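The following exercises concern two topics: the packing of a helix pair and the contact between two chains. Please work through each task before reading its solution.

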Amino acid sequence: MEVTLRIKRYNPETDPKPEFKEYVVNVEPTDRVLDALNQIKWYHDGTLTYRRSCGHGICGSDAMRINGRNRLACKILMKDLGKKVTIEPLMGFRIEKDLLVDMEAFFESYKSVKPYLIADDAPSSGERRQSPEDRARFDDTTKCILCAACTTACPVSWVSDDFVGPAAIVNAHRFIFDSRDQGSADRLRILNSGSGVWRCRTIFNCTDACPRDIKVTDAIEQVKRALIYEQV
Amino acid sequence: MGYHRYDAVIVGAGGAGLMAAIQLAGKANIAVVSKLYPPRSHTGAAQGGISAALGNTEEDHWEWHMFDTVKGGDYLVDQDAAEVLSQEAIDAVYELEHMGLPFNRTPDGRIDQRRFGGHTRDYGAGPVRRACYAADRTGHMIIQTLYQQGIKHAVNFFDEHHLVDILFTEDGQCCGVVTYEIRTGEIHVIHAKTVLIASGGFGRVFKITSNAMAGTGDGVALAYRHGVPLMDMEFYQFHPTGLYKLGILVSEAARGEGGIVVNGEGEAFAARYAPTLKDLAPRDMMSRFIYQEVKEGRGIDGKDYVLLDVSHLPPEVIDQKLPDVTDFARVYLGVEPKNEGIPIQPTAHYAMGGLATNIDAQVIRDASSTPVPGLYSAGEAACVSVHGANRLGTNSLVDLVVFGRRAGRHMLSQIQELEFLPLPKNPEARAVEEIRCLLERDKGERVADIRSRMQEVMMDKASVVRSEHSLLEAWREIETLQKAFKSVAIQDKGKCYNTELTEALELGCMLDCAETIVYGSLERTESRGAHYREDYEARDDKDWLAHSMVSRSAGGMRLEKKPIVITKFEPKERKY
């Protein structure tokens, strides 16, 4: 089927500002948006630039705005988008080139919540024990692929540079509710600060945007409740 | 140009690279180079599990794991390495758990384990639960956990740096790498005492593959260009259950949990070929069974695919243990696995071959195992060899944590003794020239045309079933494409995120990998594991119970045989 892709283009070496450019491509209905982008890059315009790797929604490289919503280009099929598809880079981060944005601030926020297990010495033999129920408490937030779809869908993130954003909170949640972890107090203190969870306005854009179906807003609320009731 | 000096530089931030980095962090000055962001690495796509004989749910022993690995690899496995793999797997899995990896748990809180293809109790008596897992996203959890540890240990990451050369002194000692910073187009020379190539595999040489687009064999090919031989390149694993036409992996865990593969007549045909293990026969065999069914007209509607059926499993098993892979079927094929079969076909999945190493992950340059000083390799880029002619499911994750860890530890021991060697004159010259040529050429061949032709040729003529006829055709085609590549031209001439340039560089590397796959396949006149020759159907232990080491010089290509290390298990016929 013939589809028009309206793609926001920007080359910092030559363009004063981003502008839309249209491409008409012939795609299979079951093609991914990524396939359509590849078709343009490989056969029409080699300068079109975006990140991609695994092609099936697990590496987190190709989050972008597709018809106004944050999506992974490799997880959305052309048949679900209509004849005219608008593709833009994620909002809120500096555009590096075309659909590719500067991810440094995103990873800095992620690192700021201490996203690693903090625990005393491990047992000298065997594993730390954890019941299936305790394991289930943080299962949802282990699915995060750091694609930034949630953080760049959040209006609070768009207007403030210091909000850690939903993705960082999701990754803090993954450890706060892990029975093996002993760093919760520290993480909760970070998330109780001016850049933390209280900036969230419960808009649910993050939950809508998550390509892994993580209940992001719910995870943020769980962290808020842990702060209010001082227990996890 | 940037110049940096580190005790160790690790190329590739997947499981092997990060596992090595964590051994070195805080004890040596190290850098980790990745052309992606580390958590994007392809380790994250691994699904089903990581095997270790923990015996948490039923009796198991590392000797059984070792035996399965050797037999699964059709006796081409080096048994000293398989012993290390299966013994150290146990401790490595515990180490991952201690780092925070969220494994699924048994009711008493231990790491849960499940069945996987080719893993057996009591030397082949029946299936065993050996695969430790985290739903069907075990690789995702490994890459996340190791990246988290990298952050904790303040590892120095060179994100989005593309490897463009490996540096050697005149007498062949490795002394650093050259990278191309994708964001700026700047060249960086990283001078190092030790270099670890953990840059992964090269499944993208085939048309249907489960591999990420980044799987282009950069580190393997660049070492090969410097005369380092590649080992066992003819052994390339096709995973039996890739989504039809897309190649996206549907984990063997689907069959481990009870899924079956059925043909166009509704028959669960695996039992006919492998009466004991049935659908849990090793991957090389399952892929050939499917090939045979399709060839004899028993594909679905006579087409080139069959169905993976999990619809008889309890819905909660599907939701809790196979959530991601069943979601792939829904998203990409519009199939609901709870009600209907998933269309599947074999997909290029894993390179058993690569840079030959010893059990300390040092790259070796000849059949007598002489190390290349300073150069290491681990993970899919390497060939230890623990996978032999066919890797067992879950053993790739075991390989990268066990040998990534050994690489890091050995590098650490060497760093204290080694001095920085002088760099060659103009160390960046070779890479700069390659890039300059690509940028300055205005008209020429298109990258995508050469790449898609290569992928078709490799799929049609050098995949699940091969013959001298098909391989000679492939050889001529790859030669032609190598020539065409010399006149490739790109449109993007910029410095900022020139990903058209990096795709061209990757194509060059893939062509070198393809060349060695075809050459090794032609030379090996037997069938063993994943290498199946319809003109030499039998395994030939008299002539070919040996690794192949392929190298290229001005005089052309050459193959040297390297003896297999046999310690415990004498080669036998492989039946399941």
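**Exercise 1. Packing of two helices**

H3(B) and H11(B) are roughly perpendicular to each other (an angle of 65 to 115 degrees). The model is predicted: local features need pLDDT of at least 70, side-chain atom pairs count only at pLDDT 80 or more, and totals for chains, interfaces and linings use all residues. Residues are numbered from 1 along each chain as written, chains are lettered from A in written order, and side-chain values use heavy atoms without hydrogens or water.

*Task.* State at what angle H3(B) and H11(B) pack, and which classes of residue make the contact.

*Solution.*
1. Helix H3 (residues 79-99) and helix H11 (residues 395-415) of chain B, both DSSP runs (H or I, at least four residues), pack at about 90°, their axes lying 8 Å apart.
2. The contact (heavy atoms within 4.5 Å) includes Leu85(B) and Glu88(B) of H3(B), and Phe403(B) and Arg406(B) of H11(B).
3. By class, 10 residues are nonpolar, one is polar and seven are charged; Ala, Val, Leu, Ile, Met, Phe, Trp, Tyr, Cys and Pro count as nonpolar, Asp, Glu, Lys and Arg as charged, and the others as polar.

**Exercise 2. Contact between the chains**

*Task.* Describe how much area chain A and chain B bury between them, and how many salt bridges are counted.

*Solution.*
1. Chain A gives 62 residues and chain B gives 61 residues.
2. About 5,300 Å² is buried (accessible area lost, 1.4 Å probe, summed over both parts), with 49% on carbon and sulfur atoms.
3. Trp42(A), His56(A) and Glu127(A) lose the most area in chain A, together 13% of what that side buries.
4. Seven salt bridges are counted between the chains, each a side-chain nitrogen of Lys or Arg within 4 Å of a carboxyl oxygen of Asp or Glu.
5. Glu127(A) forms a salt bridge with Arg110(B), with the closest N and O atoms 3.7 Å apart.

Conventions: Buried area = accessible area lost by both parts, 1.4 Å probe. Axes fitted to C-alpha atoms, helices over the stretch in contact; angles between N-to-C directions. Helix = DSSP H or I, 4+ residues; strand = E, 2+ residues; numbered from the N terminus. Parallel < 35°, antiparallel > 145°, perpendicular 65-115°, else oblique.
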